[in-house]
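Open the model in your viewer and keep the sequence panel beside it. The stops below say what to select next and what is there.

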Amino acid sequence: MTTALDSRPRASALDRDTAMRLAKTEYERFLALLEGLAPEDWATPTGCPGWDVRAMAAHLLGMAEMSASMRESMRQVKLAQSRDGVFIDELTALQVGERATMTPAQIVARYAEVSPRAAKARRRTPWFVRGRKMPGTQSVNGRDEAWTLGFLSDVIMTRDPWMHRVDISRATGAPLVLTADHDGVLVDDVVREWAARHGRPFTLRLTGPAGGTWGEGGPELEFDAVEFCRALSGRGTAPLDTEVPF
């Protein structure tokens, strides 16, 4: 049975100013995390198979460069599409591979240079571009769905560094900065999307600086806010059966 969720491209539920504020702050927090890492941290394995911290940072640098420049975005997309695998896997592999010779210091310096430009470029993307359907579909919860370019730019490109900031913090023991006005807003958007995707009654309490309470009736659920998001992304062990893309 086809639902409304399947039949029209998914768009951002965040208002534009909020989405761009979250994007700018997340770039800044990810940069601060990288700047605080010790030399030995960069070779530490992360929860993403095959990626150490350096590889994960290289991927995020590649994504920032992609966001900062339309020409670079088109170049990366064309190369990834020319490969035989799943597009997102080929894209991230390309980003990591092309930066394999960069030192940690070079990655940090380049991220510091390009991330403000990425935030500005994302803010400048006009509404008629953000409303366009992305090429192809994304597999979420076992079914294919369409996304708008705005959902990618306003939502996914902020959730991605946020989740990888969590990954690196967990791998290295580096402090994870969480505040209600940033992480709490991001988590609220995730919860609302999760609720819309499963469509069942619930009462959810998330703990920690990014937490809160949502829903009424149905099963009562309680998790740490970060662990809740990790579970929805396919990480962690919380017993949740509805995926949300990051």
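Which residue caps the N-terminal end of α10? Select D224 together with V226: D224 is the cap, with a side-chain oxygen 3.0 Å from the backbone nitrogen of V226. Bear in mind throughout that this is a predicted model.

**Helix α10 and its surroundings**

Now select the whole of α10, residues 225–232. This helix is largely enclosed by the rest of the structure, because seven of its eight residues are buried. Colour A225, V226, F228, C229, R230, A231 and L232 to see the buried ones. Then show α8, α9 (180–198), β3 (203–207) and β5 (220–224), which are among the elements that cover them.

Stay on the helix and display the side chains of R230 and E227. They form a salt bridge, with the closest N and O atoms 3.0 Å apart. The two residues are three apart in α10, so about one helical turn separates them. R230 counts as buried because its relative accessibility is 10%, under the 20% cut-off. E227, at 26%, is partly exposed.

Step past the end of the helix to G234, which follows α10 and has a positive phi near 95°.

**H164 in helix α8**

Move to helix α8, residues 149–172, and select H164. Is H164 buried or exposed? Its relative accessible area is 5%, so H164 is buried. Its side chain makes a polar contact with the side chain of D167, at 3.0 Å. Expand the selection around H164 and leave out the neighbours within four places in sequence: the contacts are then F30, C48, W51, M56, H59, L60 and R235.

**The nonpolar cores**

In soluble globular proteins, nonpolar side chains tend to be buried together. For the case at hand, select L34, L37, W42, Y111 and I168. Within the largest nonpolar core, which has 27 residues, these five touch the most other members. The elements that give two or more residues to this core are α2, α3 (53–68) and α6. Colour α3 separately, since the largest share of the core, nine residues, comes from it.

Centre the view on L34 next. Apart from its neighbours within four places in sequence, L34 is in contact with W42, A57, V108, Y111 and I168. Then switch to L186, W214, F223 and F246, which are included in a second, separate core of 24 residues.

**Salt bridges across the chain**

The structure holds 26 salt bridges. Begin with D17 and R123, whose closest N and O atoms are 3.9 Å apart. This pair links distant parts of the chain: D17 is in helix α2 (residues 16–35) and R123 is in helix α6 (residues 104–124), 106 residues apart. D17 is exposed because its relative accessibility is 54%, while R123, at 44%, is partly exposed.

Next, select E72 and R99, which meet in a salt bridge at 4.0 Å, N to O. Here too the pair joins distant parts of the chain, with E72 in helix α4 (residues 70–81) and R99 in the loop between α5 and α6, 27 residues apart. Both E72 and R99 are buried. Extend the selection to E65, R75, E98, R110 and E113, which are linked with E72 and R99 in a network of salt bridges.

**A surface patch and a loop**

Turn on the surface and select V86, F87 and I88. They form a nonpolar patch there, with about 260 Å² of accessible area together. I88 sits in helix α5 (residues 87–98) and, at 43% relative accessibility, counts as partly exposed.

For the last stop, go to the loop between β1 (138–140) and β2 (143–145) and select N141. What is the phi of N141? It is near 55°, a positive value in a residue other than glycine. Most residues other than glycine have a negative phi. N141 is partly exposed, with a relative accessible area of 32%.

Technical notes:
Residues numbered from 1 in each chain as written. Predicted model: local features only at pLDDT ≥ 70, side-chain atom pairs only at ≥ 80, totals over all residues. Heavy atoms only, no water. Patch = residues over 30% accessible without salt bridge, like charges linked within 9 Å, V, L, I, M, F, W, Y side chains within 5 Å. Areas by Shrake-Rupley, 256 points an atom, 1.4 Å probe, with all protein chains shown as cover. Helix = DSSP H or I, 4+ residues; strand = E, 2+ residues; numbered from the N terminus. Buried < 20%, exposed > 50% of the residue type's maximum accessible area, 1.4 Å probe, protein only. Polar contact = N/O pair within 3.5 Å; in protein donor to acceptor, adjacent residues only side chain to side chain. Contact = heavy atoms within 4.5 Å. Core = buried A, V, L, I, M, F, W, Y, C linked by side-chain atoms within 4.5 Å.
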